Amino acid sequence: MPEVKVVQQFMQANDSVAADNRRLLAERGVVAVNLMASPGAGKTSLILRTIEALDGRARIGVIEGDTASQIDADRVATTGVPVVQVNTGGGCHLDAPMVRSALDALPLDDMDLLLIENVGNLVCPAGFRLGESQNVVIASVPEGDDKPYKYPAMFIAADVVVVNKIDLLPYLDFDLPAFRRLVQGVNPRARVFETSCRTDEGLSDWVDWLDGLRARPG
Ligand code: MG
Ligand code: ZN
């Protein structure tokens, strides 16, 4: 089956570049966090609120992955932090070589934390290591509480799950305890944070966790 062999070789190539990225980031003392979610879960909003909340505590850089546009990178750039846009040309995930080129364009020596916004997609980003030290899945309340059941690979890959838009809980049929049980079922080691970028509820726990990563990179 030559097709299978090609795929495996490609994945190995990705993993080896991801290992290079990880080494480079470690040498420069930068902790990288890969943020994955479906479109509209609030990845960019969470990045913007995180930059604001960590102001003066950590020097942040951002990689924005998108299929085509750069509107998210433009929003991040207004905060003044260094940001690099990676357009995948329609591709549905970031891979390690894309991140590698973006790292060359970032001032790594002046950064402590790299936030990588992956392409909005709950399927294949889980399969591509980028050189990150932590994988985060953002699941938002309007998407429903069954996501860990429908996209288990994504939740298995997660070190942390953020339930975003919790300000909408009173208006929607999102069962938070049921969601937490589903996460626990597929990935008992995943930590769960609950956030709202509109009300700031829960943001400090998330931000404290990010800030704490710098003390224990890897
Ligand atoms: Mg975005
Ligand atoms: Zn993909």
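Is histidine 93 buried or exposed? Select it to find out: histidine 93 is buried, with a relative accessible area of 16%, a value that falls under the 20% limit for that label. The model on screen is a predicted one.

**Stop 1: the zinc ion**

Keep His93 selected and add the zinc ion (ligand 2). Three protein donors surround the zinc: the SG of Cys92, the ND1 of His93 and the SG of Cys124, at 2.0 to 2.2 Å. Along the chain these donors read C-H-x30-C. Histidine 93 and cysteine 124 connect distant parts of the chain, 31 residues apart. To see this, display the loop between β3 (83-87) and α4 (96-104), where histidine 93 sits, and then the loop between β4 (113-117) and β5 (134-140), which carries cysteine 124.

**Stop 2: the magnesium ion**

Select ligand 1 next. Which residues coordinate the magnesium ion? They are Thr44 through OG1, Asp72 through OD and Glu117 through OE, at 2.0 to 2.1 Å. The spacing of these donor residues in sequence is T-x27-D-x44-E. Two of the donors come from helices: threonine 44 belongs to α2 (residues 43-53) and aspartate 72 to α3 (residues 71-77), a pair that links distant parts of the chain across 28 residues. Threonine 44 counts as buried at 6% relative accessibility, and aspartate 72 counts as buried at 13%.

**Stop 3: the sheet**

Switch to a cartoon view. In what order do the strands of the open sheet run? The sheet has 7 strands, paired in parallel, in the order β3-β2-β4-β1-β5-β6-β7. Its edges are β3 and β7, each of which pairs on one side only. Ignoring direction, neighbouring strands are turned by 20° against each other on average.

Now bring back helix α2, which holds the magnesium donor threonine 44. Helix α2 packs on the sheet and touches β1 (31-37), β2 (60-66), β4, β5 and β6. The direction of α2 makes about 170° with that of β2.

Move to the β7 edge. Strand β6 (residues 160-164) runs parallel to β7 and is joined to it by 4 bridges. Select valine 162 and look across to β7: the residue opposite is phenylalanine 193.

**Stop 4: aromatic pairs**

Phenylalanine 193 leads into the next selection. How many aromatic pairs does the structure hold? There are 5.

Begin with phenylalanine 174 and phenylalanine 179. Their rings form a tilted pair, 5.4 Å centre to centre with 40° between the planes. Both side chains can be checked for burial: phenylalanine 174 is buried with a relative accessible area of 7%, and phenylalanine 179 is buried with 0%.

Return to phenylalanine 193 and add tryptophan 206. This pair is edge-to-face, with 6.3 Å between centres and 75° between planes. Phenylalanine 193 lies in strand β7 (residues 191-194) and tryptophan 206 in helix α8, so the pair ties together parts that are 13 residues apart in sequence. Phenylalanine 193 is buried, with a relative accessible area of 6%, and tryptophan 206 counts as buried at 1%.

Add Phe155 to the selection of Phe174 and Phe179. Ring pairs link these three residues into a cluster.

**Stop 5: lysine 147**

From Phe155, step across to lysine 147. Leaving aside neighbours within four places in sequence, lysine 147 is in contact with Phe155 and Leu122. Lysine 147 is part of helix α5 (residues 147-150). At 11% relative accessibility, lysine 147 counts as buried. What does its side chain reach at 2.8 Å? The partner is the backbone oxygen of glutamate 143.

**Stop 6: aspartate 211**

The last selection goes back to α8, the helix of tryptophan 206. Aspartate 211 lies in this helix, which spans residues 203-213. Aspartate 211 is buried, with a relative accessible area of 18%. Not counting residues up to four places away in sequence, aspartate 211 touches Leu54, Arg57 and Ala58. For a longer view, draw a C-alpha to C-alpha distance from aspartate 211 to threonine 78: the two are 22 Å apart in space and 133 residues apart in sequence.

Notes:
Residues are numbered from 1 along each chain as its sequence is written. Chains are lettered from A and ligands numbered from 1 in the order in which they are written. This is a predicted model: local features need pLDDT of at least 70, side-chain atom pairs count only at pLDDT 80 or more; totals for chains, interfaces and linings use all residues. Side-chain values use heavy atoms; hydrogens and water are left out. Donors are N, O and S atoms within 2.8 Å of the metal (3.2 Å for Na, K and Ca); water is not among the atoms, so sites may look incomplete. Buried means under 20% relative accessible area, exposed over 50%, partly exposed in between (1.4 Å probe, protein chains only). Contact means heavy atoms within 4.5 Å. A polar contact is a pair of N or O atoms within 3.5 Å; within protein, one must be able to donate a hydrogen and the other to accept it, and residues adjacent in sequence count only if both atoms are side-chain atoms. Rings of Phe, Tyr and Trp (its six-membered ring) pair if their centres lie within 6.5 Å; planes under 30 degrees apart count as stacked, over 60 as edge-to-face and the rest as tilted. Two strands pair if DSSP finds at least two bridges between them. Axes are lines fitted to C-alpha atoms, for helices over the stretch in contact, and angles run from 0 to 180 degrees between N-to-C directions.
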